[in-house]
Amino acid sequence: MSFIATPQSLHFEAPLPLQSGASIRGYDLTYETYGQLNAERSNAVLICHALNASHHVAGIYEGQARSEGWWDNMVGPGKPVDTDRFFVIGVNNLGSCFGSTGPMHVNPDTERVYGADFPVVTVEDWVNAQARLLDALGIQQLAAVMGGSLGGMQALSWTLQYPERVRHAVVVASAPNLSAENIAFNEVARRAIVTDPDFHGGHFYQHGVVPARGLRIARMIGHITYLSDDVMN
């Protein structure tokens with residue numbers, strides 16, 4: 001049986017330098033925790049989410065049907081990531097649409113919704129933001145960092161950016177980079193979105209619409225790249 005999960009949020013006023021050379025300040029990170037942090041603060045496990053997931057890794061939301069976290073079969077009391085042993089943290093990435101600051105939020109420097117002006121963020125940027133959250137929670141070293149797909153790329157990046165802060169890394173269905181073919185497929189998916197008439201140069205929130213048709217096509221293209229030829233057959 002799933003437990004009740006409660007989202008939390010932390011505000012960070014100090015600018016976060018980004019790989020692009022830009023920075024972002026006054027941002028919020030939405031996260032959830034499960035289990036208890038031990039006295040030594042040594043049992044924390046960070047779980048990084050994939051492209052279309054969020055901080056809601058496990059448990060359910062009270063009063064909401066079918067609200068199980070995306071890895072609820074893996075995380076919880078007595079499960080492979082046992083919350084009776086570990087303090088598990090799920091963080092929503094910057095730029096997401098599930099709570100952390102992203103294009104739908106207000107830019108504190110302009111007092112207008114970011115839209116297309118939201119800065120480009122990378123795997124390294126997400127890891128740096130997660131490290132700041134761990135600092136705020138008083139966690140110096142992780143027992144493990146885990147993730148699948150884009151989350152696995154973050155887990156790999158943790159071992160490169162903060163090797164002294166990670167004792168174990170569990171990387172599932174992931175890679176350190178993309179092939180030229182995969183980059184090409186992603187560009188086609190992006191073009192499907194930006195050529196949707198409802199995209200409005202990325203400022204679609206101002207028009208009260210979303211580029212849903214382009215997003216559907218992009219998701220179809222993306223899903224093809226997630227499957228091998230044998231699996232597709």
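Student: How much surface does the chain expose, and what share of it do carbon and sulfur atoms supply?

Tutor: In this predicted model, the exposed surface of the chain comes to about 12,500 Å², and carbon and sulfur atoms supply 56% of that area.

Student: Which residues make a nonpolar patch on that surface?

Tutor: A patch of about 580 Å² is made by Leu-51, Ile-224, Tyr-226, Leu-227, Val-231 and Met-232. One of these residues, Met-232, has its place in helix α5, which spans residues 229-232.

Student: Is Met-232 buried, exposed or partly exposed?

Tutor: The term partly exposed covers relative accessible areas between the buried limit of 20% and the exposed limit of 50%, and because Met-232 has a value of 45%, this residue counts as partly exposed.

Student: Where does Thr-83 lie, and is Thr-83 buried or exposed?

Tutor: Thr-83 sits in the loop between β7 (81-82) and β8 (87-91). Buried means a relative accessible area under 20%, so Thr-83, with 10%, is buried.

Student: Which residues is Thr-83 in contact with, leaving aside its neighbours within four places in sequence?

Tutor: With those neighbours left aside, Thr-83 is in contact with Tyr-34, Gly-35, Gln-36, Val-75, Gly-76, Pro-77 and Val-88.

Student: What can be said of the chain as a whole, beginning with its helices and strands?

Tutor: The chain has five helices and 12 strands, and buried residues make up 42% of its 233 residues. Its radius of gyration is 18 Å, which agrees with the value near 17 Å that a compact globule of 233 residues would have. Among contacts between residues at least 6 apart in sequence, 62% join residues at least 24 apart.

Methods
Residues are numbered from 1 along each chain as its sequence is written. This is a predicted model: local features need pLDDT of at least 70, side-chain atom pairs count only at pLDDT 80 or more; totals for chains, interfaces and linings use all residues. Side-chain values use heavy atoms; hydrogens and water are left out. Patches are made of residues with over 30% relative accessible area and no salt bridge: like charges are joined within 9 Å, nonpolar side chains (Val, Leu, Ile, Met, Phe, Trp, Tyr) within 5 Å. Accessible areas come from the Shrake-Rupley method with a 1.4 Å probe; for residues, only the protein chains shown count as cover. A salt bridge is a side-chain nitrogen of Lys or Arg within 4 Å of a carboxyl oxygen of Asp or Glu. Helices (H or I, at least four residues) and strands (E, at least two) are DSSP runs, numbered from the N terminus. Buried means under 20% relative accessible area, exposed over 50%, partly exposed in between (1.4 Å probe, protein chains only). Contact means heavy atoms within 4.5 Å. The radius of gyration is taken over C-alpha atoms; the globule rule is 2.2 Å times the number of residues to the power 0.38.
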